[in-house]
Amino acid sequence: MSLPAVPAPGPGRHLPPPAHSSGARAPRIPPHRLPRHVAIIMDGNGRWAAGLGAARTRGHRSGSRAMIDVVDGALEVGLAQLSLYAFSTENWGRPAAEVDGIMLLLHEVLRSNLRRWHEQGIRVLWSGRRTRAAAGIRTELEAAEYLTRDNELLTVAVCFDYGSRAELLDAVRLLAVDVATGRVEPVALQEEDLAGYLYQPDMSEIDLLVRTGGEQRISNFLLWQAAYAELIFEQTLWPDFDRRDLWRAVQAYTRRQRRFGGSGAGDPGVTAAG
Ligand code: FPP
């Protein structure tokens, strides 16, 4: 993959996201009312394709277009973090042709969008197991992380070969080594110390988790980070979702009363509405 020879333009001089094809513009929401971190389970590609009598890969291809539009929409509305469930640890069990098709799409998405994302100030992270992906995919995702490492406008976590149980297991394995070698004292361990062993230790708590496709499950996605996330389940199949649906979900979030299990008054950020 060829990487841009020039650095990103720098603070305040980023390439603006292209407008949506409808001309719709993002709602203006004060930063303190926005969800900081939105995570999305992009579900329904297969059913969308079946509705057209097409192969599932056609649904994933349309789904990748929806994903690109939603990244632009996240930037436009001012989100700080967006995490996308692109391929789960369980998805390896799908037919080889479908798995190969998703790998090819990921390659195409990075090849066609990475330069622009970099110029837009987007930082790309990979959250997931790094041992099973083909070498080419691993190299591309890691190159994307490296190229965009200093960008600060929006962090997009591509959750690829991701599963929360695998993430927690991998974290515990690393932690066990540190305990065995005396670097960590088990009784002194705090929640934030454990978070430090996750795939992306700096990933902030998820404020809003959206799932498309009508199912109401979390499906092993960012369980640690989503402990107090507000949940929105959309009927829309992922290929029909676009940035306007993201903005509607963000607006719905601003009307939620957030609670973190305490009395309310002492909780951090009790209402999304400020
Ligand atoms: C779920 O739909 C979606 C996936 C398993 C993969 C998500 C992939 C994309 C959005 C395409 C872009 C991805 C990359 C990696 C660039 P499903 O197939 O489970 O749909 P169904 O529930 O209708 O069968």
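Which residues line the largest cavity? In this predicted model, the lining of the largest cavity is made by H37, Q81, L82, S83, L125, T155, A157 and M203.

## The enclosed cavity

When the whole structure is searched, one cavity of 30 Å³ or more is found, and the volume of the largest cavity comes to about 30 Å³. Two strands, β2 (81-88) and β4 (154-162), each supply at least two residues of the lining of this cavity, and β2 provides the largest share, which amounts to three residues.

In terms of residue class, the lining of the largest cavity divides into four nonpolar residues and four polar ones, with no charged residue among them.

## The largest pocket

The largest pocket has a volume of about 650 Å³, and of the 28 residues that line the pocket, those closest to its centre are M42, N45, Y85, A86 and N91. Four elements, namely α1 (45-51), α2, β2 and α3 (96-119), each supply at least two residues of the lining of the largest pocket, and the largest share, five residues, comes from α2.

The lining of the largest pocket contains 12 nonpolar, nine polar and seven charged residues, whereas the lining of the largest cavity has no charged residues. Strand β2 takes part in both settings, since it supplies at least two residues to the lining of the largest cavity and at least two to that of the largest pocket.

## Packing of α2 against α3

Helices α2 and α3, both of which contribute to the lining of the largest pocket, pack with their axes 10 Å apart and at an angle of about 25°. Because angles under 35 degrees count as roughly parallel, α2 is described as roughly parallel to α3. The crossing of these two helices is right-handed.

On the α2 side, the contact is made by R56, T57, H60, R61, S64, M67, I68, V71 and D72, and these meet A97, E98, G101, I102, L105, E108, V109, N113, R116 and W117 of α3. Sorted by class, the contact of α2 with α3 has eight nonpolar, five polar and six charged residues.

## Packing of α3 against α4

How do the axes of α3 and α4 lie with respect to each other, and at what angle do they cross? The axes of α3 and helix α4 (residues 135-147) come within 11 Å and cross at roughly 15°, and the two helices are therefore roughly parallel to each other. Their crossing is left-handed.

Residues M103, L106, H107, L110, L114 and H118 of α3 make this contact together with I137, E140, L141, A144 and L147 of α4. By class, the contact of α3 with α4 comprises eight nonpolar, two polar and one charged residues.

## Packing of α2 against α7

Helix α2 (residues 56-77) also packs with helix α7 (residues 243-254), where the axes come within 8 Å and cross at roughly 45°. These two helices are therefore oblique to each other, and the crossing of α2 and α7 is right-handed.

The residues of α2 that take part are D69, V70, D72, G73, A74, E76 and V77, and they meet R243, L246 and W247 in α7. By class, the contact of α2 with α7 has five nonpolar, one polar and four charged residues. D72 of α2 is found in the contact with α7 and also in the contact with α3.

## Overview

Helix α2 contributes the largest share of the lining of the largest pocket, and it packs roughly parallel to α3 and oblique to α7. Helix α3, in turn, lies roughly parallel to α4 and supplies at least two residues of the lining of the largest pocket.

Conventions:
Residues numbered from 1 in each chain as written. Predicted model: local features only at pLDDT ≥ 70, side-chain atom pairs only at ≥ 80, totals over all residues. Heavy atoms only, no water. 1 Å grid on protein atoms, 1.4 Å probe; cavity = no way out; pocket = protein on both sides within 12 Å on 5 of 7 lines; lining within 4 Å. Points joined across faces, edges and corners; volume = space filled by probe spheres on them. Nonpolar A, V, L, I, M, F, W, Y, C, P; charged D, E, K, R; others polar. Axes fitted to C-alpha atoms, helices over the stretch in contact; angles between N-to-C directions. Parallel < 35°, antiparallel > 145°, perpendicular 65-115°, else oblique. Left-handed = near helix turned anticlockwise from the far one by under 90°. Contact = heavy atoms within 4.5 Å.
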